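Thanks, everyone; I would like to go through one model with you this morning, beginning with a single side chain, then turning to a helix, and ending with the empty space inside. Please have the sequence and the structure open as I speak.

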Amino acid sequence: MTFNFFNVRKLYTKTALYKNVQLTKDRFPNLKRGSYAKVDSTDVEFFKSLVGVNNFITGEEVKSYNEDWLKSISGFSKYVLKPKTTEQVSSILKYCYKRGIAVCIQGGNTGLVGGSIPVFDEVILSTSAMNKIISFNKISGVLVCQAGCVLENLMNYVQNEGFIIPFDLGAKGTCQIGGNLATNAGGLRLIKYGSLQGSVLGLQAVVLLMIIQFKI
């Protein structure tokens, strides 16, 4: 007699995916909001002046940023900021640090463990507007780009030059390279090329109140 062992996973139908998602704070009542400040009208005006009205999102549009892809985790943030430069990110974090406002960083929001979703009413800082390819050296094969570049766009860009990105994912049409690096995502080419972090030559990051460069 032959036995087949396999994992049974929940089938997410279209109806299930678009149901109203229970707030994470209600699912886990032991979670308590920290003593962070609430965003007021002065904060809103500052954010708008910094990133521009078109990159300041509020209202019904925020819903998709508050929920994960599986529709299993949900926060209740009211504001999404979409900076375009590292300097804008730095200014946002400096301001929020001084005001005591909690921030949730979000890339393509394709993760399945809720790491990019606010738990409470944190301000969401989305990297999706930081999507520029800065440079590509055809001799060394070194690509410099912003954190919000969609993986598939990078793959298509270097493919036109006769190169490949040593990393691939099913979510490549939506996921962003910043999130890929932050999670050291494995992907379909892990065995051949190794971990994604092994291909990183340097980073520019905002740490506390400064912008620093990491080079390997």
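Asp43 is buried in this predicted model, and I call it buried because its relative accessible area is 1%, against a cut-off of under 20%. Asp43 sits in helix H3, which covers residues 41–51, and, if we set aside the neighbours within four places in sequence, its contacts are Lys38, Tyr95, Arg99 and Ile101. Of these partners I would look at Arg99, whose side chain is joined to that of Asp43 by a polar contact of 2.7 Å, although the two residues are 56 positions apart in sequence, with 8.9 Å between their C-alpha atoms.

Let me move on to helix H6, residues 151–159, where Leu151, Leu154, Met155 and Val158 are buried. Viewed down the axis of H6, the buried residues fall within an arc of 100 degrees, and therefore they line one face of the helix. As a reminder, an α-helix has 3.6 residues a turn, so residues three or four places apart point the same way. What do the buried residues of H6 pack against? Their partners are strand S5 (133–137), strand S6 (142–145) and helix H7 (177–183).

Finally, the empty space: the count gives one cavity of 30 Å³ or more, and the largest cavity has a volume of about 40 Å³. Its lining includes Lys38 and Ile101, both of which are also in contact with Asp43, and the lining residues as a whole divide into five nonpolar, four charged and no polar.

Notes. Residues numbered from 1 in each chain as written. Predicted model: local features only at pLDDT ≥ 70, side-chain atom pairs only at ≥ 80, totals over all residues. Heavy atoms only, no water. Helix = DSSP H or I, 4+ residues; strand = E, 2+ residues; numbered from the N terminus. Buried < 20%, exposed > 50% of the residue type's maximum accessible area, 1.4 Å probe, protein only. Contact = heavy atoms within 4.5 Å. Polar contact = N/O pair within 3.5 Å; in protein donor to acceptor, adjacent residues only side chain to side chain. Arc of directions from axis to C-beta. 1 Å grid on protein atoms, 1.4 Å probe; cavity = no way out; pocket = protein on both sides within 12 Å on 5 of 7 lines; lining within 4 Å. Points joined across faces, edges and corners; volume = space filled by probe spheres on them. Nonpolar A, V, L, I, M, F, W, Y, C, P; charged D, E, K, R; others polar.
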